[in-house]
Amino acid sequence: MPQRSEAGTAGEGDEEQRLRAALRHLQAEAGVLERLVYKHRNQHRGAAYFQYLLKVRRDLKLLLGAGLAEVLNAVFPVLACRKPANTILVPNKQSKKKPVANHSHHQRLLGVARLLSQMSEPVMKAAIQITFLLARSFFVDLCTAVLSLLARVRVLIQQMLLDVVSIYNKVTDLTERKQAVKISISGVQAFREYYPSMNDACTVLECVWIKDKFVLHEKVKDISQETQVENQKCCGPESTVQYETIALISEG
């Protein structure tokens, strides 16, 4: 399997630590927001800012329920070359408790990036409405608490968006390459090469700063012609086999 540089491994370690720390902080902020909504639900239910707060709470619940920690546990071993890339392309087994768990980790990472990109809008609108109340000296303590909470949430989701997009693009780049897989069965080691499908297009993500937030752009690209020619030389022009045994070594 390909070796990764120490600088690249260190960078991925920083991203992993930063994402996990942001996820923990976001869980804490979601708990604070839940208590604020519960405490003021009767008095402020009809206010415009409160409706946006409900949307922010909904988005936080969706994000925390997406199982990002589970996805990170599966993705980072692949980036560190401890597991083959095709392990995160296989859909997870569906269960009654997790009806949407049949998506692969790669697809779930894309879904998290899309959700993070949409979370900034209700946060900003809620902050604007809170500012109007604060300018009129209404509910000063509540407005100050909510504004500081929204500011922290906004910073967290923007940073998480950048990190998730970076990780997704790295995983997508790995899945476009041939992957050597070592399999040991009954004392026999088999080295196999995984060839990505030539028919599927891949999605590349990019964060663009527009006005006051990062906006997610998705670009669809096909696998390069050079990669197709190289892989066809190994597998044959009309071969449908995705795995090819290239060596067998008997353990002594």
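**Figure 1. What packs around helix α4.** The buried residues of α4 are covered by a set of elements that includes the helices α2 (48-64), α3 (68-79), α5 (120-135) and α6 (140-175), along with the strands β3 (202-210) and β4 (213-221). This is a predicted model, so keep that in mind for every view here. The buried residues of α4 are H105, H106, R108, L109, L110, V112, A113, L115, L116 and S117. That makes ten of its 14 residues, so α4 is largely enclosed by the rest of the structure. The length of α4 works out too: at 1.5 Å a residue, the helix (residues 105-118) should span 20 Å, and its end C-alpha atoms are indeed 20 Å apart.

**Figure 2. The whole protein, for orientation.** Before going further in, here's the layout: seven helices and five strands. Following the sequence, the pattern goes α-α-α-α-α-α-β-β-β-β-α-β. Of the 252 residues in the protein, 37% are buried. Take the contacts between residues at least 6 apart in sequence, and 69% of them turn out to join residues at least 24 apart.

**Figure 3. A look into the cavity.** Searching the whole structure for cavities of 30 Å³ or more turns up one. The volume of the largest cavity is about 30 Å³. Its lining is made up of L36, V37, H40, Y49, F50, L53, L142 and V146. Three helices, α1 (6-39), α2 and α6, each put at least two residues into that lining. The largest share belongs to α2, with three residues.

**Figure 4. Two aromatic pairs.** Across the whole structure, the search for aromatic pairs comes back with two. One of them joins Y49 and F50, edge-to-face, with 6.2 Å centre to centre and 90° between the planes. Both residues also appear in the lining of the largest cavity. Y49 has a relative accessible area of 4%, so it is buried, and F50, at 2%, is buried as well. The other pair is W209 with F214, again edge-to-face, this time at 4.9 Å centre to centre and 75° between the planes. W209 comes out as partly exposed, because its relative accessibility is 48%.

**Figure 5. Q158 and its neighbours.** Zooming in on helix α6, we find Q158. With a relative accessibility of 7%, Q158 counts as buried. Leaving out residues up to four places away in sequence, Q158 touches S120, W209, K213 and F214. Two of those, W209 and F214, are the partners in an edge-to-face aromatic pair. Then there's S117: Q158 and S117 sit 41 residues apart in sequence, yet their C-alpha atoms are 7.9 Å apart in space. S117 is one of the buried residues of α4.

**Figure 6. T203 on strand β3.** This view is centred on T203, which lies in β3. T203 has 17% relative accessibility; the limit for a buried residue is under 20%, so T203 counts as buried. Setting aside residues up to four places away in sequence, T203 touches Y168, T172, E218, K219 and V220.

**Figure 7. A charge over a ring.** The last close-up shows R41 and Y38. The charged end of R41 sits over the Y38 ring, 4.0 Å from the ring's centre.

Terms used
Residues are numbered from 1 along each chain as its sequence is written. This is a predicted model: local features need pLDDT of at least 70, side-chain atom pairs count only at pLDDT 80 or more; totals for chains, interfaces and linings use all residues. Side-chain values use heavy atoms; hydrogens and water are left out. Helices (H or I, at least four residues) and strands (E, at least two) are DSSP runs, numbered from the N terminus. The expected span of a helix is 1.5 Å times one less than its number of residues. Buried means under 20% relative accessible area, exposed over 50%, partly exposed in between (1.4 Å probe, protein chains only). Contact means heavy atoms within 4.5 Å. Rings of Phe, Tyr and Trp (its six-membered ring) pair if their centres lie within 6.5 Å; planes under 30 degrees apart count as stacked, over 60 as edge-to-face and the rest as tilted. A charge sits over a ring if NZ of Lys or CZ of Arg is within 6 Å of the ring centre and within 35 degrees of the ring normal. On a 1 Å grid over the protein atoms alone, a cavity is a set of points where a 1.4 Å probe fits but cannot get out, and a pocket is an open set with protein on both sides within 12 Å along at least five of seven lines; lining residues have an atom within 4 Å of a point. Grid points are joined across faces, edges and corners, and a volume is the space filled by probe spheres set on the points.
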